[in-house]
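Me: I should like to learn how to read a helix and a contact between chains. May we work through one example together?

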Amino acid sequence: MSGTARAPFAPWDRRELPGLFSVEESARRVGNYKWVEMRLFEVLGGWVATVPELDVKLVLGRHTYHHAWHAELWHKRLPELREMNPDRMTQPPNDEFVRFIEAVREPEAAEDTIEKLVGVYRVLIPRKIAAYTYHLNATSRITDAPTIRSLKFALQDEFEDWRDGEMLLQSLIDTPEKLDRAMARQAELEALVLASGGIAGPGSLGADAKESGR
Amino acid sequence: MKKMLPEAELARDERFVRSRIEDAIFDPRGARLATRNVGPAKMAADRPAAAERSRSLMHGIFVGEIQALEGAGRTCFDFDDDEAPFQLKLDMARQCWDESRHCEISIKLGEHMGSEIGEYSESTFLYAAACNPDPVLRLTGVNRALEGLAIDVFNSMKEFGESANDPILTFCEDWMLADEVTHVKMGSDWLRRLTEKDPERRERALEFQRTVDKIFSLGGFRGESEENPIQLARRFRELAGFTDAENDEIAEIARQAQAEAQAMSEAAQGVD
Amino acid sequence: MGRVHITPNPFTVVPYEIPVIEGLVEEAAALVGFPSDVEIDLEIDEDLPHPLVGTASDVVGGRAVLWMSGGNLEDTHRTRQFSEAAARRDLTQMLLRANDRLSEGFASAPPDVDLTLAERVAWDVYAHTRAGRLGIATRPDKMRYDFRLQHGFSDAADASFDRLWDAQSLTWDGLREICKETGAADRPVSKVPTDLLRHK
């Protein structure tokens, strides 16, 4: 049997071997991702019973599953990154991030729907999109391809969920007073997440641009 | 946010009006009606008040789906990682999505039947089964009793749709039925796994299920005769993993619930 | 003593009030132009709860003989509580149908007990739409579903419903013609008596 010998990489395949993350660094970040996805799906599920708005209730029910599925993706990826005890790596990046997540999960009252949604859709999910995108762009496209595949699946959900949440918020914020509430809530949580450095801690989006000289 | 949200704190918009199950059970008309022939309780298009009865039941399904969604959601939140396994919580999150879709389907079916959200009252007794502080008991109450009832209700509605040649109702109920069979299987699986080495806890869970099943039989609402609007769907229950003995037991519980409700109604009315 | 005769009097199972219902009957009669010299007998079955609803409108010996389930008067949110809106809506429709029976165009219509379910729902749709034109809150989607249950879930049935809904004036023959168009007239008659709820 014979055939024409072809190059192993097609001319348009420009993937390179190097990436910024070691196995350990990728595992650390994936552990952080799993931790935050768990805290997120838990609270979305818990909030379903506390929001009176029917459309919000049903969207939260759907998004609960999205983030649980992401947690499962990261849970399955951890042993593939030499971490045979996934629970050990399922950690927040630092105490400041725990404080941020506790603040996101705090609202309970039926009249606090705006506060609940701002925390998730205007602060947390944008941070997740940013950190996932950085990981996607920075890691080796060949050696860490399974993580990239999961990141792409997760990002697809994150973009769509962010859009759902943002549109719900825009429809709920219909007075200057509600706008003030949303802005105050966002400022409060942004300060907390800033102190933590993001969902994977300082360096969630890579080294500081000034430090790297770019 | 606190763990364990009581039934009274379920959030609803102004369209919803809550009723109490006792009002229906102790309604003196129940006993008087029981002595009369108002036709087979099982629904069909040629039976008395078919349209209004089906609309009312569809609204009951809709609010039941909301409560099932809320119950599954609370199970994701109420238990820490050491109280409920990660995979169990993932299953509950999946169930949230399914119940959320069921709410959407039920809303659309309600519109199809000409009713409106909040047109009929809501009883929150289904959610009460999701308030047990033991995750095994909660899962047994929700996924085996509540979701088992959902199998019976959806099958009855599917048969009603078939009898009326209503393609939309038949189509939707069949899809929802598939999800409910999955949810019951999930419940049976977790009951077995979590109580493998704890037969006493398993017995407590099964006892809790019996109690919930009795409440869910609603004094004759569910059963196996023409006198029961909702028929025990043995075939689908078997697909979901219920054994013949378990189905026989649920049928017996339903018969007892019907007899007790009739006795209570007669007592309320002062009939000997 | 007025011309409206309600039984039972008083109610013993549900806390409904005879004078309130009498007033609503008179109000509905005035609204639909029901002749003031025709006596109205209204029997309410207080044992029947919502959703076991049903009504009948006949004319016997020159009197309107009406029957309704207590469920038709019940608040759908509160067990055994009277709903004035539901009573106003259903009494108006019942009197519209009784008024039809007094007219030449419906002289050949059989009594309610002998109507098929398809004929009966077609007549109800015709009454419902006229009640709407008189200012009573109507629910066209609800009536469309009721109509489809007996006439089929088809384009033909929907077209017939639309004709009924838009009809300004119909006769019994016109109603029967519509039942033939949907094929409902050719279906086997149900073995379940249409007046089963009235059997005590």
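Me: What covers the buried residues of H6(A)?

Reply: Helices are DSSP runs (H or I, at least four residues), numbered from the N terminus. A residue is buried if 20 or more other C-beta atoms, placed from the backbone, lie within 10 Å of its own. In this predicted model, the cover of the buried residues of H6(A) includes helices H1 (23-48), H2 (54-80) and H5 (113-138) of chain A. Those buried residues are Thr147(A), Ser150(A), Leu151(A), Ala154(A), Glu158(A), Asp161(A) and Gly165(A). Local features need pLDDT (the predictor's confidence in each residue, from 0 to 100) of at least 70, and side-chain atom pairs count only at 80 or more, while totals for chains, interfaces and linings use all residues. Residues are numbered from 1 along each chain as its sequence is written, and chains are lettered from A in the order in which they are written.

Me: How many residues does helix H6 of chain A have, and how far does it reach?

Reply: The expected span is 1.5 Å times one less than the number of residues. Helix H6(A), residues 145-172, has 28 residues and reaches 40 Å from first C-alpha to last, close to the expected 40 Å.

Me: Which pair of chains has the most contacts?

Reply: Two residues are in contact if their C-beta atoms lie within 7 Å. Of the 2 pairs of chains that touch, A and B have the most contacts. Their contact takes 25 residues from chain A and 24 from chain B. On the side of chain A, the largest share, 9 residues, comes from H2(A). Chains A and C do not touch, and their nearest C-alpha atoms are 19 Å apart.

Key: Helix = DSSP H or I, 4+ residues; strand = E, 2+ residues; numbered from the N terminus. Buried ≥ 20, exposed ≤ 12 C-beta atoms within 10 Å, placed from the backbone.
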